[in-house]
Amino acid sequence: MHNASLRSFLLLLLLILPLAACGQDRSDPTPPPPTPTGAGAEPEGAQMEASATPAPTNSPVPATATTQATETPLPTATATATPAPLFLQSAEDFGDERNPLTGEVVDDPSVLQRRPIAVKISNAPPSYVRPQSGLSQADLVFEHETEGPITRFTAIIYSQTPPDMGPIRSGRLIDLEIPVMFDAAFAYSGSSIGVSQKLQASSFVNRILRTNAPGYYRTGEDKPFEHTLYGDPSLWRQELENRGENHPPEFSNYMAFSEEPPAGGEPVSHININHRDRAIIDWYYDEEVGRYWRSSDGEEHYDENTGERLSTDNVVVVFAQHVTNYNICEHVVDGTCQAYSVEVQIWGEGPALIFRDGRQYEGTWRREQPEHMLTFYDADGNPLPLKIGNTWFQMVPIRYQDPVTVE
């Protein structure tokens, strides 16, 4: 081909190619041909590096107000631990508002800032002395045998102040022990020479309230003179105040109390205590009120102050040695001693029966020091707690055979 013709052909080709490119479909999915390998081709490493670069991803769409809310689970109840039943045995347990002699919370804590008073109350003959005054308001009552065919009471008043107490009678050897246990004063009508000498030598001589102290009076009733002596405890407390003796008691130990009865025990609804020819005592458990009602010698026993039948939360039978003291005569006729004093030895330890909540518990009483209260334990040495409330202690000679019957 001549040079002129060749130049004309090339010029025509340059004009045709751009027009063909303009008519090509841009949406053609046909991939471009592979890059040739060999001389002049793109290095393999560069191709791999390019293919390893990730494609961009879309950012997550933020939640809008129209996004459906997830359901909130309902709250579940939180388990609450059940508090342990109340158990009282130390000064910290009783605090400033609980009476250490009953475990009860008092309405006015100031009553616990005064001295307890042990009061000697007659129990015979029944026709002259019953109903007595003030026994229902005592925190504790001790019933014990005397040298004659009778029983007698030592009542401890502390949280309450009865308007009257009586008939007041003479003290016995057991009254050398009870006031010391409770750091109490002692109100009584007198005593035999031997007991009087011991009382005058006692640690509580400064708080003995004899009949020459304010507060005693005679009722003037038509009955034997010795059964007409009564007392006003509010005046006794004033006398203790005047002596500087009406301050809070200092207790060396404490009886245990609990809201719930201990495990075990035997159901008992009736307690009979036979003091031989002295007295027959019955306690009947009332499940509805949770207390024991008292009968003496077959008759319901009442309080003159309240007109209510005597009752208690606890009946405790204390079996102890009763020893005749031949050095102290309690009853003399024509120069001859007809009855010697009886010493109820409530120190050391001995058997006990505790009745509370309609159940009977067998245990042991202990008193290791003169100023210690009686405390009670089961066969394993664990405390046997009393029910919170008042207590009657029935002092029974350990020599008696089957003095207590129950049903």
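1. A salt bridge here is a side-chain nitrogen of Lys or Arg within 4 Å of a carboxyl oxygen of Asp or Glu. With that in hand, searching the whole of this predicted model turns up 17 salt bridges.

2. A good pair to look at is arginine 291 with aspartate 313, whose closest N and O atoms are 2.7 Å apart. Arginine 291 sits in strand β13 (residues 291–296), while aspartate 313 belongs to the loop between β15 (311–312) and β16, so the salt bridge ties together parts that are 22 residues apart in sequence. Aspartate 313 is buried, at a relative accessible area of 7%.

3. That pair also has company: a network of salt bridges links Arg291, Asp313, Arg356, Asp357 and Lys387.

4. Next, have a look at arginine 243 and glutamate 239, which form a salt bridge with 2.9 Å between the closest N and O atoms. Arginine 243 is partly exposed, its relative accessible area being 33%, whereas glutamate 239 is buried at 15%.

5. Glutamate 300 and arginine 309 form another salt bridge, and here the closest N and O atoms are 3.3 Å apart. Glutamate 300 counts as partly exposed, with 45% relative accessibility; arginine 309 has 18% and counts as buried because the cut-off for that is under 20%.

6. Leaving the charged pairs, helix α6 (residues 193–200) is worth a friendly detour. Its residues Gly194, Val195, Ser196 and Leu199 are buried. Among the elements that cover the buried residues of α6 are the strands β5 (185–187), β6 (208–209), β16 (314–333) and β17 (336–345).

How values were computed:
Residues are numbered from 1 along each chain as its sequence is written. This is a predicted model: local features need pLDDT of at least 70, side-chain atom pairs count only at pLDDT 80 or more; totals for chains, interfaces and linings use all residues. Side-chain values use heavy atoms; hydrogens and water are left out. Buried means under 20% relative accessible area, exposed over 50%, partly exposed in between (1.4 Å probe, protein chains only). Helices (H or I, at least four residues) and strands (E, at least two) are DSSP runs, numbered from the N terminus. Contact means heavy atoms within 4.5 Å.
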